[in-house]
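Hi,

Here is the structure I promised to pass on. Have a look at it first, and my notes follow below.

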Amino acid sequence: AKRIKSANPTRRYCVLTFGSAVTLTTFDGETLVRSNVTAFDVHPDCELNRNPVSVTIPDDSVSALLRKIKTDDVRLLATIDENGDATLRVETGSAGFTLPAVDADRWETQTVGIDATGKPCNPVERQPVRELESNSTKPFQATGGTVVSAGNLRTALRRTMFASSTESTRYALGGCLCEQKTDAVTFAATDSRRLAVYRIPAETVGELEPSETAAVIPFSALSIVSDILGRLPDAEPVCVALTPTEFVIESDGRFAVRGRLVEGRFPRYRDVIPTNPEFSFRVSRTAFIEQLETAGIVSDAENRDMLFTFDGSTVTASASSPT
């Protein structure tokens with residue numbers, strides 16, 4: 001699972017659960033990512049199927065370590081002693097690494113109030129990781145969704161996400177609009193200057209309510225989804241579901257990404273797409289890209305304006321710069 005970054009470390013955790021499969025869960029208060037990895041074998045002394053073990057692992061230590069290891073297979077050993085101190089052991093054929101961890105089921109004493117003298121009062125015992133996890137895994141309330149292939153979804157995100165804006169004050173432009181129909185899913189993104197729209201075939205699961213047919217999914221969450229889809233077979237079925245406040249994109253037994261939707265109204269993008277153009281041109285994609293890149297060398301660095309001239313059977317792209 002791709003590591004989620006959050007400005008508030010107290011609202012961020014990464015839990016590794018050992019059972020019949022290895023499950024990695026990350027959560028930053030807004031987006032939850034869960035990925036499953038099949039375990040080749042389980043230590044004979046462990047009864048993981050009946051009593052899974054969960055540890056909170058260091059933020060980036062494990063991912064940085066795994067990137068350096070050349071072998072494909074690694075052995076993971078989680079240890080929790082009677083005092084609640086935990087470690088994660090990563091072993092390869094020729095090396096071993098021990099990293100500090102924390103028992104995900106640990107109890108901590110936390111205060112819930114301040115008395116008249118300004119001192120903490122009402123201490124209570126809590127499980128901070130499990131509380132965050134339970135809040136993020138409440139039942140999803142969608143009555144229906146759509147199923148698409150991983151390959152089509154990956155292509156749709158790649159061809160639309162580039163047009164979204166992560167710096168605009170209009171929050172709805174910081175993601176992609178997802179529109180669900182009974183036979184297709186359409187993704188659209190814009191930064192108010194350019195627009196990208198891509199439609200992929202889909203199958204409906206359950207019944208789509210009007211409130212579940214369109215919503216804006218944040219760019220950060222879609223980046224995680226796109227990264228995961230790059231490691232899945234093109235034919236892998238992926239389910240997309242929406243509610244008025246949340247979204248879920250998941251593949252059964254492989255991964256799940258769940259998070260909050262972007263607030264705000266997405267522009268009426270269909271109004272700016274010509275429905276009856278006076279003329280159209282069909283061009284070679286590679287030749288057109290080469291033409292744009294060549295003309296773009298002398299275009300204005302700030303505006304990036306380019307003039308297209310349609311003449312008979314040719315399209316001419318020209319650009320200029322004041323300096």
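A residue is called buried under 20% relative accessible area, exposed over 50%, and partly exposed in between. Arg-89, at 29%, is therefore partly exposed, and Glu-91 falls in that class too, at 24%. Please keep in mind that this is a predicted model.

Those two side chains form a salt bridge, with 3.3 Å from N to O. The count of salt bridges comes to nine, and two others are worth opening in your viewer.

Arg-199 and Asp-183 meet at 3.8 Å, N to O. Arg-199 sits in strand β13 and Asp-183 in the loop between β11 and β12, so this pair links parts of the chain 16 residues apart. Arg-199 is exposed at 55%, whereas Asp-183 is partly exposed at 45%.

Glu-246 and Arg-258 come to 3.2 Å, N to O. Because Glu-246 belongs to strand β17 and Arg-258 to strand β18, their salt bridge ties together parts twelve residues apart in sequence. Here Arg-258 is buried, with 12% relative accessible area, while Glu-246 is partly exposed at 23%.

Now to the sheet that holds β13. Its four strands run in the order β13-β12-β11-β15, paired antiparallel, and the sheet is open. β13 (195-201) and β15 (214-218) are the edge strands, each with a single partner, so one side of each has no neighbour in the sheet. From one strand to the next the twist averages 20 degrees.

Two helices go with this sheet. Helix α3 (residues 150-158) touches β12 and β13, at about 170 degrees to β13. Helix α4 (residues 219-229) lies across β11 and β15, at about 80 degrees to β15.

Best wishes

Technical notes: Residues are numbered from 1 along each chain as its sequence is written. This is a predicted model: local features need pLDDT of at least 70, side-chain atom pairs count only at pLDDT 80 or more; totals for chains, interfaces and linings use all residues. Side-chain values use heavy atoms; hydrogens and water are left out. Two strands pair if DSSP finds at least two bridges between them. Axes are lines fitted to C-alpha atoms, for helices over the stretch in contact, and angles run from 0 to 180 degrees between N-to-C directions. Contact means heavy atoms within 4.5 Å. A salt bridge is a side-chain nitrogen of Lys or Arg within 4 Å of a carboxyl oxygen of Asp or Glu. Buried means under 20% relative accessible area, exposed over 50%, partly exposed in between (1.4 Å probe, protein chains only).
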